[in-house]
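Colleague: Could you take a close look at one part of this model for me? I would love a connected account of a single residue and its surroundings.

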Amino acid sequence: MFLIGINTGLRVSDLLKLKVADVKRKKRVVVKEGKTKKPRTIYLSNIYDEIQAYVETVGSEWLFPSRKGHKPITTTQAYRQLQKAAYMAEVESVGTHTMRKTFGYWFYKQTKDVAALQEILNHTHPMITKRYIGIREEEIEEELNNFVL
């Protein structure tokens with residue numbers, strides 16, 4: 001879940017709706033985002049092998065199945081799993097949105113293309129995108145550290 005989340009920028013609610021059939025032997029998937037109701041193409045080429053290996057271990061139609069019934073895990077359970085993993089990795093301040101923000105931060109750092117990131121994340125303005133991923137504060141700090149009168 002974490003690997004797909006940080007490589008796609010999907011909201012956790014949209015990640016949990018994925019089914020095995022959506023990703024099995026596929027390098028891209030079109031999902032309808034729950035919040036915006038807009039279609040979005042998710043590219044999986046960069047993590048294709050990892051997803052295919054994981055899919056072979058899943059005994060459910062859901063990509064992230066619950067142990068209770070024939071449903072996916074809930075967002076609460078996803079949060080608990082992320083918290084558990086963060087604790088084991090000795091990382092603080094992890095939540096379900098961390099995956100989306102991590103994707104956004106590193107996409108921007110590698111490409112510097114805020115317009116593309118704004119479109120990917122379905123934000124209305126580039127400043128919203130920069131603030132969302134924490135880049136604006138980082139840029140201001142860097143500017144102030146180099147500012148001398």
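Modeller: Happy to, and let's take L44: leaving aside residues up to four places away in sequence, L44 touches T8, V23, K26, K27, R28, V29 and I51 in this predicted model. Among these contacts, R28 and V29 belong to strand β1, residues 28-32. Side chains along β1 alternate: V29 and V31 point to one face and are buried, while R28, V30 and K32 point to the other face and are not buried. That fits a general pattern, as side chains in a regular strand alternate between the two faces of the sheet.

Strand β1 runs antiparallel to β2, residues 39-43, and five bridges join the two. One of the pairings is that of V30, whose bridge partner in β2 is T41. The hairpin of β1 and β2 has six residues between the strands, and there K37 takes a positive phi near 65°.

Now back to L44 and its place in the largest nonpolar core. Of the 24 residues in this core, L44 is one of those that touch the most other members, together with I4, V23, I51 and L63. Elements giving two or more residues to the core are α2 (12-15), α3 (20-23), β1, α4 and α5 (75-88), with α5 providing the largest share, three residues. Apart from this core lies another, of nine residues, including Y105, L117, L121 and Y132.

As for confidence, the protein chain averages a pLDDT of 93. The mean is highest in helix α4 (residues 48-55), at 97, and lowest in helix α9 (residues 135-145), at 87.

Note on methods. Residues are numbered from 1 along each chain as its sequence is written. This is a predicted model: local features need pLDDT of at least 70, side-chain atom pairs count only at pLDDT 80 or more; totals for chains, interfaces and linings use all residues. Side-chain values use heavy atoms; hydrogens and water are left out. Buried means under 20% relative accessible area, exposed over 50%, partly exposed in between (1.4 Å probe, protein chains only). Helices (H or I, at least four residues) and strands (E, at least two) are DSSP runs, numbered from the N terminus. Two strands pair if DSSP finds at least two bridges between them. pLDDT is the predictor's confidence in each residue, from 0 to 100. A nonpolar core is a set of buried Ala, Val, Leu, Ile, Met, Phe, Trp, Tyr and Cys residues joined through side-chain atoms within 4.5 Å. Contact means heavy atoms within 4.5 Å.
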